[in-house]
Amino acid sequence: MALQRLLWAAPSRIFLITLIFPLATSCFDVIQFIDPLIGSTNGGNVFAGATRPYALAKPVADVDGQNTGGFSTDGSRVTGFSATHDSGTGGNPSLGNFPLFPQLCPEDEVNNCRFLIGSRATHYVQESVVASPGYFEVELVSGVKARMTSSEHGALYKFEFPNTEDQHPLVLLDLTDLWKSRQNATISVDPNTGRLKGNGTFLPSFGTGSYVMHFCVDFFGGEVWDNGVWVNNRGGTEPKELFVTRGFNLFYLEAGGWVRFSGLANNTLTARVGISFISADQACRRSAEEIPEPLEDFDRLVSETEDEWREKLSPISINPGGVSEDLQTNFWSGLYRTMISPQNYTNENPYWDSSIPYFDSFYCIWDSFRVQHPILTILDPIAQTQMVNSLLDIYQHEGWLPDCHMSLSKGWTQGGSNADVVLVDAYVKNLTGIDWELALQAIVQDAEVEPLEWAYHGRGGLNSWRDLSYIPYLDFDPVGFGTNSRSISRTLEYAYDDYCLATLAQGLRRDDLYEKYVLRGSNWQNIWKPQQDSIIRGKDSGFTGFFQPKFQNGTWGFQDPIACSALAGFCSLTSNPSETFEASIWQYQFLIPQSMSILIGLMGGEERFIERLNFFHTSGLADISNEPVFSTVYLYHYAGRPGLSTQRLHTYIPSAFNTSHGGLPGNDDSGSMGAFVAFGMMGLFPIAGQDVYLLSAPFFEEMNVTSPSTGKTARIRAVGFDADYESIYIQSVTVNGEPWTKSWISHSLFNEGWTVELVLGSEESNWGTKLEDRPPSWGEAMI
């Protein structure tokens, strides 16, 4: 069906596709199983347009509805076509700078054109939308058709107009972004060629400071009729330059440039857009280098982009074993989205040049450290190494590891210092080419030095952390400043950050640091209140013992354990901050990956733990759209019931994660939702910061993963596999032909190319149930 739609909608690509189609009947082509529109409505906020892996240029249609990722299949109206986007973010829309908008002006009069966002917004034809890696197409109800593709730093658009006889099609550029955050901007219009150049200063969508982006637009396929600038709802042919600020009393002033054309071949205008954080001249130069022949380059760019995606996803191959194409599409599309961001901004950093690849758009690590970065460690360790080195590069030049960093700006810290976990995860999985002594230095600084403003890097409340071994409720913290909340979630996250620090210190033979920080990894126990109950809608949940906020004097505060859950309403970092960040105490109570055996004991033992976990997942308290819930699906492993983890996973895939346009339960968070789906279908779940993957029944009969680092191929085979998923319980496992009783496995699976065979059955077995076969858990109970 996807190929049929592509053939109908993009006749210029028929030759390319008919070359691929015969192969598709005899050999696998991953492009056919990638659907960028999964999650394009219902809050998935995915980027649905054309992009290469990690590329800066990301063109798509922008809408006035759910536009955080630019485009949405929510039926809203198109306001323009811009070349930069982030994918899967929440909150304010990100990027979407300098959109173009093509139109025919009534009576061929410039002042009859629709310049303002609200007046030019035009519905699109729902069935006209075509999206695949490297290609996006949509038709507006005005009759204008737009097709687009991209290079690394440039976008190429083809705008096809209705019959242009006696008309001069106009394309405007708006000095705006999706959030309308522009502070000031400039534009110049070349009167002869129609080239548009300029820049603007914008605000990051989830952070502090500002960034400057530059653009360069060239047009091909027609003659320039006239051009100029526009302000508010009027345009003129003079002047040819414009400088604009916010406007009177910070009122948002809409403005930009425009060009009209004549003599369009086939009524089609081609626009090449270059984007740069350095200068408009660099934007012009790079787009010209990457797209030298705009009238002929379109199909080449699409083909090259598809080949890049084939190469990036080539480490994995599957034998689906009769599994539906929908589930295969779910898997490959999830993997695809994990490589859209972070973005490679090499030679695009205006603040410093370390002569190494530079990645930005870490949006945000609180989400991505759990599964996205671990899956990149498997499939693209070179890029993951570059990302780790970029984090260290930011540390060296800005003074701190970021927890969130986008548009070359500092993003808000959500919980702990989660870059610490990303670095240690890379260490325990043997990524090379990283200065581990520098990494240790950076993480120790997070643990020991409180910045003046810990709202966007580092940690707050470190005096209390050292003296009291927890973050107090209403902490007195005159050393640094941030949102004085999240005392529970920060305590839990700081404890795990310190445990990860201890792991790195031990590996680097710094026993003094290991002993200090591994003890801090137990600090979470200081806010466990054994007698705390949870009343839900007037009824006792039946479970006792929850985390609670604690004052500096050691007395208890109170937060309802269901607060900030779907049963009680969302908690915002700014508007209604709570002691748990974006999740309830019910969610956070399970987030102790370093010491699960102690937590199980505090909850009353294995059976009571399982009962509590079941209640969490069936009562509406578990919000699978939120990354902290991901690991809770698999925590049955720690109680000796790994089969229940697989069973629980099947309640979420495909019900909450599927191939519909609303097929994500929440925003994709830079591919985190996609990584969760992919890991689940692979039969693995990573415990980030530890060399541990929890084993579960895969969704495919066989899977091969070739390490790009070592060239070794890991093989995962399901014996007794059935595509109806009636046999989802592991009966026994062998690794390289030898019995394997542990319910987890290390990264050696990939680095050394182990062969894992899992025998499946329809009933739970005793595999992985013994205490010695459960995932590692550290520490002693302090309560």
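Four disulfides are counted in this predicted model, a disulfide being a pair of cysteine sulfur atoms within 2.5 Å. A disulfide is a covalent bond between the sulfur atoms of two cysteines. Local features are reported at pLDDT of at least 70, and side-chain atom pairs count only at pLDDT 80 or more, while totals for chains, interfaces and linings use all residues. Residues are numbered from 1 along each chain as its sequence is written, and side-chain values use heavy atoms, with hydrogens and water left out.

When the bonded cysteines are counted along the chain, the disulfides of the protein follow the pattern 1-2, 3-4, 5-6, 7-8. Three of the links are described in the table.

| Pair | S to S distance | Angle about the S-S bond | Handedness |
|---|---|---|---|
| C105 and C113 | 1.5 Å | 70° | right-handed |
| C364 and C404 | 1.7 Å | -50° | left-handed |
| C564 and C571 | 2.0 Å | -80° | left-handed |

The surroundings of these cysteines can be given in terms of accessibility. Buried means under 20% relative accessible area, exposed means over 50%, and partly exposed lies in between, with a 1.4 Å probe and protein chains only.

In the link of C105 and C113, C105 has a relative accessible area of 1% and is buried. Its partner C113 is buried too, at 7% relative accessibility.

The disulfide between C364 and C404 has its two ends in separate loops. C364 lies in the loop between β21 (359-360) and α7 (365-368), and C404 lies in the loop between α9 (381-398) and β22 (405-406), so the pair ties together parts that are 40 residues apart in sequence. The helices (H or I, at least four residues) and strands (E, at least two) named here are DSSP runs, numbered from the N terminus. Both C364 and C404 are buried.

In the link of C564 and C571, the relative accessibility of C564 is 6%, which counts as buried. For C571 the relative accessible area is 9%, and this residue is buried as well.

Which cysteine sulfur is nearest to that of C500? The nearest is that of C364, 19 Å away, and C500 is in no disulfide. C500 has 0% relative accessibility and therefore counts as buried. C27, by contrast, is partly exposed, with a relative accessible area of 39%.
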